[in-house]
Amino acid sequence: MTENIRLAFQGIWGHKMRSVLTMLGIIIGIAAIITIVSTIQGTNEQIKENLIGAGNNVVTVQLNQNGYPYDLSWNSIPSGVRVVTEQTRQELEQIDHVEKVSLYTSRNYAEQVFYKTTSFNGELYGIDENYLSVYGYQVKSGRGFTQTDFEKCRKVALVDTNAVTTLFGGENPVDKTVEIKGDVFTVVGVVALSEEFAPTINSMQDYQLYANTSAGAIYLPDSTWPTAYQFDEPQNVAVKVDSTDAMTTAGKAAADLLTEKQIVNAGSSDFDYRSQDMLEQAQQLQKMSESTNTQLIWIASISLLVGGIGVMNIMLVSVTERTAEIGLKKAIGAKKKRILLQFLTESAVLTSLGGIIGVVSGVVMAQLISGMMQIPVSISIPAILVAVVFSTLIGVIFGMLPAVQASNLNPIEALRRD
């Protein structure tokens, strides 16, 4: 085999221009496929990060009525839905891949919230002691909630950096007071995500899907929530899982458990719990992107077929040129298998070399496209390996006919023909 490979490189080097032209179809096909696959993967990762965020593997499980989220900003307290207990929260943490669970209540559009004469129309949350760690918030200034704040129902609040701008005009809000539904709450700290993530926005559609236009958020201890709203209400649930890929299964398991335990007569009720599966949304967008790119891959594969036909043609020419060499080898005892392997090796080496050059060209093209058009790319090692192996197979498949023809030559006729 080593000798066959050496002879193959010797033949390629001896006909450099012809070899390059023969490999051109393979090079173009492999380069095109590597470029497309790299762009697909880069786009998919961007979609995934834009929707989920970098490292924020949190699934929100919400109360739904007839398949739609039940928003208490506009609706009354639902009948037949229990408040989630600490025991149920602990049961949720026993689900596979779940790391931590937080219970919280919310209003998407807070009403009757003021700082002096400035009204606030952002989001209002009543959170438990797990909420900040589940979502990855850290205290930027002031302090966070203490256990005593929860136990003694202290009227304290946290605000995020957006609320600092919209409600407090950029001033330090710590120790200032806000009025919420007629009650006065003291701001004790400012929180922000420990890993800020900004989605890539290239179009108006991206802006509408990803952009954060919120006026900000105010957080209260969940024990003081009934002080502002005068009643207990069923909570939403935030489930943090150990990996992005586990979000779908863990979220559905949590939703099923909550529906079973929290909904009275769950089988006949209009209410149930459902997970807001951002990973599934990301996968749907990825499929839309991939469907178009798959067609491009098939089109690029046509050049591989053309390249394979070119290899077959040039190997048939090589058999004709080397008729005397083949006859001499067979005359001195070379077997058909030996001749067959020699020509198969030569065609496989030719296409493999074209595949390697195509991979390098594809990687370079992907990076150039990324730089010029601001399109994310992700180089796939498995795709590179498959491309090289596939190019080798092309050499074996399309080199088979010339190799068989060479191995079947009659040595006497071959020498006479020369």
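Colleague: Is Ile397 buried or exposed in this model, and how should I read its accessibility?

Modeller: In this predicted model, Ile397 has a relative accessibility of 58% and therefore counts as exposed, since the cut-off for that class is over 50%. Ile397 lies in helix α13, which covers residues 381-407.

Colleague: Which residues form a nonpolar patch on the surface with Ile397?

Modeller: The patch consists of Val386, Val389, Phe390, Leu393, Val396, Ile397, Met400 and Val404, and together these residues offer about 670 Å² of accessible area. As general background, an α-helix has 3.6 residues a turn, so residues three or four places apart point the same way.

Colleague: What does the chain come to in secondary structure, and what share of its residues count as buried?

Modeller: The chain contains 14 helices and 13 strands, and 44% of its 418 residues count as buried. Its accessible surface comes to about 21,500 Å², with 56% of that area belonging to carbon and sulfur atoms. If one takes the contacts between residues at least 6 apart in sequence, 81% of them join residues at least 24 apart.

Colleague: How many salt bridges does a search of the whole structure find?

Modeller: The search finds eight salt bridges, the criterion being a side-chain nitrogen of Lys or Arg within 4 Å of a carboxyl oxygen of Asp or Glu. One of them joins Glu86 and Arg89, whose closest N and O atoms are 2.9 Å apart.

Colleague: Where do Glu86 and Arg89 stand in helix α3?

Modeller: Helix α3 comprises residues 86-92, and because Glu86 and Arg89 are three residues apart in that helix, about one helical turn separates them. The two partners fall into separate accessibility classes, Glu86 being partly exposed at 41% relative accessibility, whereas Arg89 is buried at 8%.

Colleague: Which helices hold Glu91 and Lys261, and how do their side chains meet?

Modeller: The side chains of Glu91 and Lys261 meet in a salt bridge, with an N to O distance of 3.7 Å. Glu91 belongs to helix α3 and Lys261 to helix α9, so this pair ties together parts that are 170 residues apart in sequence. Glu91 is partly exposed, at a relative accessible area of 26%, and Lys261 is likewise partly exposed, at 33%. Salt bridges that share partners also join Glu86, Arg89 and Glu93 into one network.

Colleague: How can I check the span of helix α9 against its number of residues?

Modeller: One allows 1.5 Å a residue, so the 16 residues of α9 (residues 247-262) should span 22 Å, and this agrees with the 22 Å between the end C-alpha atoms.

Colleague: Which residues of α9 are buried?

Modeller: The buried residues of α9 are Met247, Thr248, Ala250, Gly251, Ala254, Ala255, Leu257, Leu258, Thr259 and Gln262. Thr248, to take one of them, has a relative accessibility of 17% and so counts as buried, the limit being under 20%. Thr248 and Ser275 are 27 residues apart in sequence, while their C-alpha atoms are 8.2 Å apart in space.

Colleague: In which strand does Asp272 lie, and with what is Asp272 in contact?

Modeller: Asp272 lies in strand β13, residues 271-276. Once its neighbours within four places in sequence are left aside, Asp272 is in contact with Gln62, Leu63, Asn64, Thr259 and Ile263. Asp272 also forms a salt bridge with Arg274, in which the closest N and O atoms are 3.0 Å apart, and a polar contact of 3.0 Å likewise joins these two side chains. Arg274 is partly exposed, with a relative accessible area of 39%.

Colleague: Which loop holds Asn265, and what is the sign of its phi?

Modeller: Asn265 is found in the loop between α9 and β13, and its phi is positive, about 50 degrees, although Asn265 is not a glycine. With a relative accessible area of 56%, Asn265 is exposed.

Colleague: What can be said of phi at Asp175, and where is that residue placed?

Modeller: Asp175, which is not a glycine either, has a positive phi of about 75 degrees. Its place is in the loop between α6 (161-166) and β9 (177-180), and at 62% relative accessibility Asp175 counts as exposed.

Terms used. Residues are numbered from 1 along each chain as its sequence is written. This is a predicted model: local features need pLDDT of at least 70, side-chain atom pairs count only at pLDDT 80 or more; totals for chains, interfaces and linings use all residues. Side-chain values use heavy atoms; hydrogens and water are left out. Helices (H or I, at least four residues) and strands (E, at least two) are DSSP runs, numbered from the N terminus. The expected span of a helix is 1.5 Å times one less than its number of residues. Buried means under 20% relative accessible area, exposed over 50%, partly exposed in between (1.4 Å probe, protein chains only). A polar contact is a pair of N or O atoms within 3.5 Å; within protein, one must be able to donate a hydrogen and the other to accept it, and residues adjacent in sequence count only if both atoms are side-chain atoms. Contact means heavy atoms within 4.5 Å. Patches are made of residues with over 30% relative accessible area and no salt bridge: like charges are joined within 9 Å, nonpolar side chains (Val, Leu, Ile, Met, Phe, Trp, Tyr) within 5 Å. Accessible areas come from the Shrake-Rupley method with a 1.4 Å probe; for residues, only the protein chains shown count as cover.
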